Amino acid sequence: LRAGEKAQRVYAYEDALFHYGRAREIAESLDLPEQLLSIHEAMGDIQDWSDVSQAIDHFERALNLTTDPEKRAGIKSKSGTTYARVADERGREFLEAAIHELNPDTQENELALAMSYIGRFHHYRGQHRQALTHLERARQIAEPLDEPHTLTHIYVYLAGAHLLLAEFDTSIAWARQAIALGE
């Protein structure tokens, strides 16, 4: 597990998948469901950008290994995010389920991200007004948290949605917010 985590931290994803694969084999042979849950989630995270079907497979396996409501909601959010990137309707369904299940007291950042990805789903579908509604909700949740990664994500998506609606001044303002955050 540590070898997989180290490889993942330095973006050596093939090495990480190799090490997680070995860890999975061992965890399966020793019947260690908690470790299997972590392994499948990590493998899903790695494959999230490169192989949607593999990422979803790992997230589904992880879902089947836990009954913890917060953990399940977080994994559903990851599944929804993966599907949303390819404008698959299942993305919206997973994300909406996650939003209803995420604990707003302990999972605020995850809630903001899930809301932003519903916005992104609508953006990919050409439904830019709907995208803005969700992105604004995500922003309202995220700004008090002051989490740079989440805020940058939301600000960039807001800029893109306004740009495609030909609201150039607003788009530029959100792009500048993202730049200022980066600086």
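Good morning. The count of aromatic pairs in this structure comes to 4. In one of them, the ring centres of Tyr11 and Tyr13 are 6.0 Å apart and the ring planes stand at 90 degrees, so this pair is classed as edge-to-face. I should say at once that the model is predicted. Tyr11 has a relative accessible area of 64%, which makes this residue exposed, since the threshold is over 50%. Tyr13, at 35% relative accessibility, is partly exposed.

An edge-to-face arrangement is also found for Tyr117 and Tyr157, with 6.1 Å from centre to centre and 80 degrees between the planes. Where do Tyr117 and Tyr157 lie? Tyr117 belongs to helix 7, residues 108-124, and Tyr157 to helix 9, residues 148-164, so the pair ties together parts that are 40 residues apart in sequence. Both Tyr117 and Tyr157 are buried.

Let me turn to the packing of the helices, beginning at the N terminus. Helix 1 covers residues 2-9 and helix 2 covers residues 13-29; their axes come within 8 Å and cross at roughly 165 degrees. An angle over 145 degrees counts as roughly antiparallel, and helix 1 and helix 2 are therefore roughly antiparallel to each other. The crossing of helix 1 with helix 2 is left-handed. On the side of helix 1, the contact is made by Ala3, Gly4, Glu5, Ala7 and Gln8. On the side of helix 2, the residues are Tyr13, Asp15, Ala16, His19 and Tyr20. Tyr13 thus appears again here, in the contact with helix 1, having already been named as the ring partner of Tyr11.

After helix 2 comes a loop that leads to helix 3, and Asp31 is located in this loop. What is the sign of phi at Asp31? The value is positive, near 55 degrees, in a residue other than glycine. Asp31 is exposed, with a relative accessible area of 62%. A positive phi in a residue other than glycine is also present at Ala166, where the angle is near 60 degrees. Ala166 is placed in the loop between helix 9 and helix 10, the latter being residues 168-182. Its relative accessibility is 48%, and Ala166 accordingly counts as partly exposed.

The next subject is helix 5, which takes part in two of the packings I wish to show. The first partner is helix 3, residues 33-47: the axes of helix 3 and helix 5 come within 11 Å and cross at roughly 20 degrees. This makes helix 3 roughly parallel to helix 5, because angles under 35 degrees fall in that class. Their crossing is left-handed. Leu37, Glu41 and Asp45 of helix 3 make the contact with Lys71, Ile75 and Lys78 of helix 5.

Ile75 deserves a closer look. Is Ile75 buried or exposed? With a relative accessibility of 0%, Ile75 counts as buried. The C-alpha atoms of Ile75 and Glu41 are separated by 7.5 Å, although the two residues are 34 residues apart along the chain. Setting aside neighbours within four places in sequence, Ile75 is in contact with Leu37, Glu41, Phe59, Ala62, Leu63 and Thr66. Of these, Leu37 and Glu41 are residues that helix 3 brings to its contact with helix 5.

The second partner of helix 5 is helix 7. Helix 5 and helix 7 pack at an angle of about 20 degrees, and their axes are 9 Å apart. Helix 5 and helix 7 are therefore roughly parallel to each other, with a left-handed crossing. Which residues meet in this packing? Ser77, Thr81 and Ala84 in helix 5 meet Glu110, Ala114, Tyr117, Phe121 and Tyr124 in helix 7. Tyr117 therefore has two roles in this account: it faces helix 5 in the packing, and it pairs with Tyr157 of helix 9.

My final residue is Asp88, located in the loop between helix 5, residues 69-84, and helix 6, residues 89-101. The side chains of Asp88 and Arg90 are joined by a polar contact of 2.6 Å. Beyond its neighbours within four places in sequence, Asp88 is in contact with Tyr83 and Phe121. Phe121 is also one of the helix 7 residues that meet helix 5.

Thank you for your attention.

Definitions and conventions: Residues are numbered from 1 along each chain as its sequence is written. This is a predicted model: local features need pLDDT of at least 70, side-chain atom pairs count only at pLDDT 80 or more; totals for chains, interfaces and linings use all residues. Side-chain values use heavy atoms; hydrogens and water are left out. Rings of Phe, Tyr and Trp (its six-membered ring) pair if their centres lie within 6.5 Å; planes under 30 degrees apart count as stacked, over 60 as edge-to-face and the rest as tilted. Buried means under 20% relative accessible area, exposed over 50%, partly exposed in between (1.4 Å probe, protein chains only). Helices (H or I, at least four residues) and strands (E, at least two) are DSSP runs, numbered from the N terminus. A polar contact is a pair of N or O atoms within 3.5 Å; within protein, one must be able to donate a hydrogen and the other to accept it, and residues adjacent in sequence count only if both atoms are side-chain atoms. Contact means heavy atoms within 4.5 Å. Axes are lines fitted to C-alpha atoms, for helices over the stretch in contact, and angles run from 0 to 180 degrees between N-to-C directions. Angles under 35 degrees count as roughly parallel, over 145 as roughly antiparallel, 65 to 115 as roughly perpendicular and the rest as oblique. A crossing is left-handed if the near helix is turned anticlockwise from the far one by less than a right angle, and right-handed if clockwise.
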